[in-house]
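Student: Could you take me through the aromatic ring pairs in this one? I'd like a close look at that part, with the terms spelled out.

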Amino acid sequence: MDFKPGALRGFLDARFGKSGHFEIEKISGGQSNPTYFVTHGDRRMVLRKKPAGPILPGAHAIEREYRVISALYPADVPVPRPVLLHEDPELLGTPFYLMERVEGRVFEDCALPELAPEERRDIWMALADAMALMHSVRPEDVGLGDYGKPGNYFERQIGRWTKQWRQSESDPIPALDKLAEWLPANLPEDDGMVRLAHGDFRMGNMLFHPTEPRVVAILDWELSTLGHPLADLGFCVVPWHSTPDEYGGILGRDQGALGIPCESEFVTRYMEGAPDSAPLLPFHKAFALFRFAVIFVGIADRARAGSAVAENAADVGPLAERFAERALEIVEGRAHAC
């Protein structure tokens, strides 16, 4: 823990009244913003803060996370109820925010080994439904019209992540360099669709109902901005293009026996909830893998600097090259289809 719990307890006592019951527990896992369960009296909350140490400009934007859940909660999008944002770094060393703790299940492995085969399809379809619901909200209707720059989302994002890759002190990754050249040369025409783009919409960032196949909370909004909805869909189909040892993918597994839908079935379910969407193209999948790869590079850089959050951060670095290779398989027509 990189801060003194007593400081937080004093702050909460002053904000909500003194309580004889105070507990704080760091949540294991995660590669980004340190996260804790906090109990103060009868309030059960989750605390998210920026990590200690140097970070890249614009990274770990917990203030943006708080703003977006505050906007989406009244719109019935499944997000936790926001509690407060504290931007002064003096108290805990970095800014932080609190949100209500929601009970549910998190599935880190996309093969869903903890479930029976007949349950897995419904969980995946619930994921598609939650994404379509999120994308049904017009940002300007919930006060997020200025949450990012509208239009040319992919062009701007490719530029941003390419710059971050080139600023890294990582060892050379030729596949990532090749991908950084292919993407801007193969941009689809901008169709003007602007929605809230989560930025990392995947199974591990969802909280599912304790017993029902239903998303009760979409988590980890630090990469969110105004963007194109197909960016999120591209991220969400990455498991069909990565193996189990590549961040818990399902490539190479018997998806029929597991009860997991094909990628095309998942995409069709999403499109049923988002009928105005353009088709998902190889470009969108390659872009998703490219951004994941650069994120992995950043995690490896922080591991070398000693400021990574997760204990296994150093092991994530090699995934950058593997994800770049997977993206090239897609754009070169070498990927296996379900």
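Tutor: Here is a walk through the ring pairs, with a stop at a serine that touches one of the ring residues. Keep in mind that this is a predicted model, where local features need pLDDT of at least 70, side-chain atom pairs count only at pLDDT 80 or more, and totals for chains, interfaces and linings use all residues. Residues are numbered from 1 along each chain as its sequence is written, and side-chain values use heavy atoms, with hydrogens and water left out.

To describe a pair of aromatic rings, you give the distance of the centres and the angle of the planes. Rings of Phe, Tyr and Trp (its six-membered ring) pair if their centres lie within 6.5 Å; planes under 30 degrees apart count as stacked, over 60 as edge-to-face and the rest as tilted. Count that way and you get 19 aromatic pairs.

Take Phe235 and Phe292: their centres are 5.4 Å apart with 85° between the planes, so they're edge-to-face. Phe235 sits in helix 6 (residues 229–236) and Phe292 in helix 9 (residues 282–305), so this pair ties together parts 57 residues apart in sequence. Helices here are DSSP runs (H or I, at least four residues), numbered from the N terminus. Both Phe235 and Phe292 are buried, where buried means under 20% relative accessible area, exposed over 50%, and partly exposed in between (1.4 Å probe, protein chains only).

Now look at Tyr247 and Phe296, another edge-to-face pair, at 5.2 Å centre to centre and 70° between the planes. Tyr247 lies in the loop between helix 6 and helix 7 (255–258), while Phe296 is in helix 9, so the pair ties together parts 49 residues apart in sequence. Tyr247 counts as partly exposed because its relative accessibility is 31%, whereas Phe296, at 1%, counts as buried.

You can put those two pairs into a wider picture. Ring pairs link a cluster that includes Phe235, Phe292, Tyr247 and Phe296, along with Tyr153, Phe154, Trp182, Phe283, Phe287 and Phe323.

Phe323 leads us to the serine: Ser242 touches Phe323, and also Gly249, Ile250, Leu251 and Arg326, leaving aside residues up to four places away in sequence. Contact means heavy atoms within 4.5 Å. Ser242 is in the loop between helix 6 and helix 7, and its relative accessible area of 2% makes Ser242 buried.

Methods
Helices (H or I, at least four residues) and strands (E, at least two) are DSSP runs, numbered from the N terminus.
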